[in-house]
Amino acid sequence: MEALTFDYGQRHKKEIKCARKISALRGVPHQVVDLSAITPLLGESALLGGKEVPACHYTEEAAKQTVVPNRNMIMLSIAVGYAEARKISKVYYAAHAGDWAIYPDCRKSFIEAMKVAVRLATAWNLVELKAPFVGISKADIVRMGLGLGVPYELTWSCYQGGEKPCGVCPTCIERAEAFAINRVKDPAVRPEE
Ligand SMILES: [Zn+2]
């Protein structure tokens, strides 16, 4: 197993540090792919610093601010190329049910089409695309992770670029709800600091 993280100019670069830490903790080889050269081509998403990150739950308007055009397809294309070169047979990405309404490249229809494209694009159909969380809510993912001992204190969701989660952006709110449904305190949120 190997892990790839993409630096696409996101303001929340803390997620890259978190990915490094978690990969090291689990002994998974990890690389950061520098896509910052294409950031200027991707418009003015709030995630790229072109607009303010909305301070509210995911609404249609707030979601629009956070879309990075075709982001997942760009990343998946690179991951699939890497997998083929390394003779790795499966590429996993973690779109979940809550992303469905917001982001076109997290929808089942996109994933099914991408699976076909990946099969056709790779030699001898070597690489298979997997998206195991596509029909699963964030609350259920939190529950599964609790059972597996995921070190949630090292994980990152917030769209802001701060050292601590802002608590008011759409993904902070969604994460807080997912932990609340499980009646568990999010270990990444430490208000006393
Ligand atoms: Zn936040």
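Me: Let me start from a definition: buried means under 20% relative accessible area, exposed means over 50%, and partly exposed lies in between, using a 1.4 Å probe and protein chains only. Is Arg183 buried or exposed, then?

Reply: Arg183 is exposed, because its relative accessible area is 79%. Please note that this is a predicted model, in which local features need pLDDT of at least 70, side-chain atom pairs count only at pLDDT 80 or more, and totals for chains, interfaces and linings use all residues. Residues are numbered from 1 along each chain as its sequence is written, and side-chain values use heavy atoms, with hydrogens and water left out.

Me: Where is Arg183, and what is its phi?

Reply: Arg183 belongs to the segment after helix 6. Helices here are DSSP runs of H or I with at least four residues, strands are runs of E with at least two, and both are numbered from the N terminus. Phi of Arg183 is positive, about 55°, although the residue is not a glycine.

Me: And Lys87, what about its phi?

Reply: Lys87 is not a glycine, yet its phi is positive, near 55°. This residue sits in the loop between helix 3 and strand 3 (90-92). Lys87 counts as exposed because its relative accessibility is 67%.

Me: Changing topic: how do helix 3 and helix 4 pack?

Reply: Helix 3 (residues 71-86) and helix 4 (residues 108-121) have axes 11 Å apart and pack at an angle of about 35°. An axis is a line fitted to C-alpha atoms, for helices over the stretch in contact, and angles run from 0 to 180 degrees between N-to-C directions.

Me: Which hand does that crossing have?

Reply: Helix 3 passes helix 4 in a right-handed crossing. The near helix is then turned clockwise from the far one by less than a right angle, whereas an anticlockwise turn would be left-handed.

Me: Which residues meet there?

Reply: From helix 3, Met73, Leu76, Ser77, Val80 and Glu84 meet Phe110, Met114, Val118 and Ala121 of helix 4. Contact means heavy atoms within 4.5 Å. By class, this contact of helix 3 with helix 4 has seven nonpolar, one polar and one charged residues. Ala, Val, Leu, Ile, Met, Phe, Trp, Tyr, Cys and Pro count as nonpolar, Asp, Glu, Lys and Arg as charged, and the others, Gly among them, as polar.

Me: What about helix 5 and helix 6, at what angle do they cross?

Reply: The axes of helix 5 (residues 138-148) and helix 6 (residues 170-181) cross at roughly 60° and come within 8 Å. Helix 5 is therefore oblique to helix 6; under 35 degrees counts as roughly parallel, over 145 as roughly antiparallel, 65 to 115 as roughly perpendicular, and the rest as oblique. The crossing of helix 5 past helix 6 is right-handed.

Me: Which residues make up that contact?

Reply: Lys138, Ala139 and Val142 of helix 5 meet Thr171, Glu174, Ala178, Phe179 and Ile181 of helix 6. The classes in the contact of helix 5 with helix 6 are five nonpolar, one polar and two charged residues.

Me: Back to the loop after helix 4: is Val127 buried or exposed?

Reply: Val127 is buried because its relative accessible area is 1%. This residue is in the loop between helix 4 and strand 4 (128-130). Beyond residues up to four places away in sequence, Val127 touches several others, including Val80, Glu84, Ile88 and Val118.

Me: And Leu126, what does it touch?

Reply: Not counting residues up to four places away in sequence, Leu126 touches Glu84, Lys87, Ile88 and Ser89. Leu126 is partly exposed, because its relative accessible area is 34%.

Me: How many disulfides are there?

Reply: A search of the whole structure finds zero disulfides, a disulfide being a pair of cysteine sulfur atoms within 2.5 Å. Cys158 counts as buried because its relative accessibility is 2%, and Cys172 counts as buried because its value is 8%.

Me: Last one: where is Asp7, and which residues does it contact?

Reply: Asp7 lies in strand 1 (residues 3-7). Apart from neighbours within four places in sequence, Asp7 is in contact with Lys13, Ile16, Val32, Val33, Asp34, Leu35 and Ser36. Asp7 counts as buried because its relative accessibility is 16%.
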